[in-house]
Structure formats: structure tokens, C-alpha cells
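Me: I would like to go through this model with you and ask, step by step, what lies behind the terms used for it. Please set each value against its cut-off before you conclude.

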Amino acid sequence: MRAIHVILVCILLSFGFSKNQTKVKITNKSEVIIKGKSNVNSFECKYNSEFIEKDLHVSITRNNSKIVLEGAKLEIKSTGFDCAHKMITKDFKSILKADDYPHIEINVIEINTAKENITTKLHVKIAGTEKEYIVPATYNQSNGNVKGLLKLNIKDFKLKSPKKLLGMVVVNDNVEICFNLFLQY
């Protein structure tokens, strides 16, 4: 009798769920830009798009407006950023502890398409510390473009902003990660 209950529960749980396996390619047209500010000016660090192109094997489970993903992990090389100024780039890589932690990991856990808004649940791992974020995003199905903006505080990852000129130039702890990804299926 207990076996019948287990089978019934499994059958009921399978309704409304569909699981697919797909290969997703992040093309080199994609961009990842980290924006920050100091008390003097602002800066942008752009990720080298040649490092972006990668195939991901993603398992997708749909349940109404919720899409759960497995394998949608983007690894970004900590040394792959260019801040358009040699010293800022060097400081940025130092902040990320690039020598000890060669990758930033962004793992897309789920996508919620309820109402008109799309949100993504991300696990972000920087310098060995992982945090979870809910990030609003847009998706253009015709060209496979996903855009979003993740705001975070580097102290959440136990990182310290540099101070220059005897503390007269201080980098703000809040940064924005802008992603503009082009996907092929």
C-alpha cells in the first residue's frame, strides 16, 4: 500500500513539470562590465569578450512561471578585465584576489517569469565567498539577448576597496555588474 502512495505522489508531482536538456552557447558578442565609483571619479572594467564564448549543458525544469536550471554556470576569469587604465586594472585584480581566486562564478539557479517581470536567482562566488541574489532581467527571444544589472557590495565577499594617495582617494564598496549576453541554442 505504501508503494502505491509513493507512486501516486511521484505521478502527481510530475504534472506541471517538464525537464529538458539543452546546449547553450554564450557568444563573444556578449559583454560583462563592472562599474564602480571613487570619491574622485567613476570607472568601468570590461571583460574580454574572447574569454566569454563557452558551451553550457543546461538542464531545464519548468513549473508554470518558474524555470529551474542546472548547469547554467558562467565562470569569468578574474584576470580577464580591462579598466582602460593600467593602475586601475591592477588594483581591480588585487581587489578580486585574482592570484588566489582565478574565477568569478555566476550560477543561474532559476528564472521566474511571473507577470511581466523576469527575475533570476543567482549564486555569485567571488574570492571564495558565495552569495545569492535576485536580479531583474530582460530577454529578447528573437536574438537570444539577456540583459541584467546586479548591484552588490564588495564587503559581502570579504573584499576591501583600495585607498590611494594616503587615503585621499577611496573606492566605493558598491559596484554594479552589467551583463549583456547573447545566447545560441
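Me: What makes β2 and β14 a pair of strands?

Reply: In this predicted model, β2 and β14 are joined by five bridges in the antiparallel sense, and since a pair calls for at least two bridges, the two strands count as paired. One position in this pairing is Glu31, which stands opposite Asn180 in β14.

Me: How do you know that β11 also pairs with β14?

Reply: The same reasoning applies: strand β11, residues 145-153, shares nine bridges with β14, again antiparallel, where at least two are required. Among the facing residues are Val146, whose bridge partner in β14 is Leu181, and Asn145, which stands opposite Phe182.

Me: Why is β14 described as largely enclosed by the rest of the structure?

Reply: Eight of the eleven residues of β14 are buried, and it is therefore largely enclosed by the rest of the structure; buried here means a relative accessible area under 20%.

Me: What links β11 to β10?

Reply: Strand β10, residues 129-140, is joined to β11 by four bridges and runs antiparallel to it, with Thr138 having Lys147 as its bridge partner in β11. The two strands form a hairpin with four residues between them, and Gly144 in the turn has a positive phi of about 65°.

Me: Which other residues have a positive phi although they are not glycines?

Reply: Asn64 has a positive phi of about 55°, and Lys158 has one of about 60°; neither is a glycine. Asn64 is placed in the loop between β4 (54-63) and β5 (66-70), while Lys158 is found in the loop between β11 and β12 (163-164).

Me: Why are Asn64 and Lys158 called exposed?

Reply: The cut-off for exposed is over 50% relative accessible area. Asn64 has a relative accessibility of 73%, so it counts as exposed, and Lys158, with a relative accessible area of 64%, is exposed as well.

Me: Why is Ile34 called buried, and what surrounds it?

Reply: Ile34, in strand β2 (residues 31-37), has a relative accessible area of 6%, which is under the limit of 20%, so it is buried. Not counting residues up to four places away in sequence, Ile34 touches Phe43, Glu44, Cys45, Phe81, Phe92, Val175, Glu176 and Ile177. The C-alpha atoms of Ile34 and Ile177 are separated by 4.5 Å, although the two residues are 143 residues apart along the chain.

Me: Is Asp173 buried or exposed, and what is it in contact with?

Reply: Asp173 belongs to the loop between β13 (169-170) and β14 (174-184), and with a relative accessible area of 16%, under the limit of 20%, it is buried. Leaving aside neighbours within four places in sequence, Asp173 is in contact with Leu152, Asn153, Ile154, Lys155 and Ser161.

Me: What makes the approach of Asp173 to Lys155 a polar contact?

Reply: The side chains of Asp173 and Lys155 make this contact at 3.2 Å, and the limit for such a pair of N or O atoms is 3.5 Å.

Me: Why is the pair of Tyr47 and Phe51 called tilted?

Reply: A search of the whole structure finds four aromatic pairs. For Tyr47 and Phe51 the ring centres are 6.1 Å apart, within the limit of 6.5 Å, and the planes are at 55°, neither under 30 nor over 60 degrees, so the pair is tilted. Tyr47 is buried at 7% relative accessible area, whereas Phe51 is partly exposed at 36%. Tyr47, Phe51, Phe81 and Phe92 form one aromatic cluster.

Me: How do you know that a charge sits over the ring of Phe51?

Reply: The charged end of Lys77 sits over this ring at 4.4 Å from its centre, and the distance limit is 6 Å. Lys29 likewise lies over the face of Phe182, at 4.6 Å from the ring centre.

Me: Where does pLDDT stay under 50?

Reply: It stays under 50 over residues 1-17, for which the model has six contacts beyond four places in sequence. Where pLDDT is low, the predicted coordinates should not be read in detail. For the protein, the mean pLDDT is 83, and 84% of the residues reach 70 or more.

Methods:
Residues are numbered from 1 along each chain as its sequence is written. This is a predicted model: local features need pLDDT of at least 70, side-chain atom pairs count only at pLDDT 80 or more; totals for chains, interfaces and linings use all residues. Side-chain values use heavy atoms; hydrogens and water are left out. Buried means under 20% relative accessible area, exposed over 50%, partly exposed in between (1.4 Å probe, protein chains only). A polar contact is a pair of N or O atoms within 3.5 Å; within protein, one must be able to donate a hydrogen and the other to accept it, and residues adjacent in sequence count only if both atoms are side-chain atoms. Contact means heavy atoms within 4.5 Å. Rings of Phe, Tyr and Trp (its six-membered ring) pair if their centres lie within 6.5 Å; planes under 30 degrees apart count as stacked, over 60 as edge-to-face and the rest as tilted. A charge sits over a ring if NZ of Lys or CZ of Arg is within 6 Å of the ring centre and within 35 degrees of the ring normal. pLDDT is the predictor's confidence in each residue, from 0 to 100.
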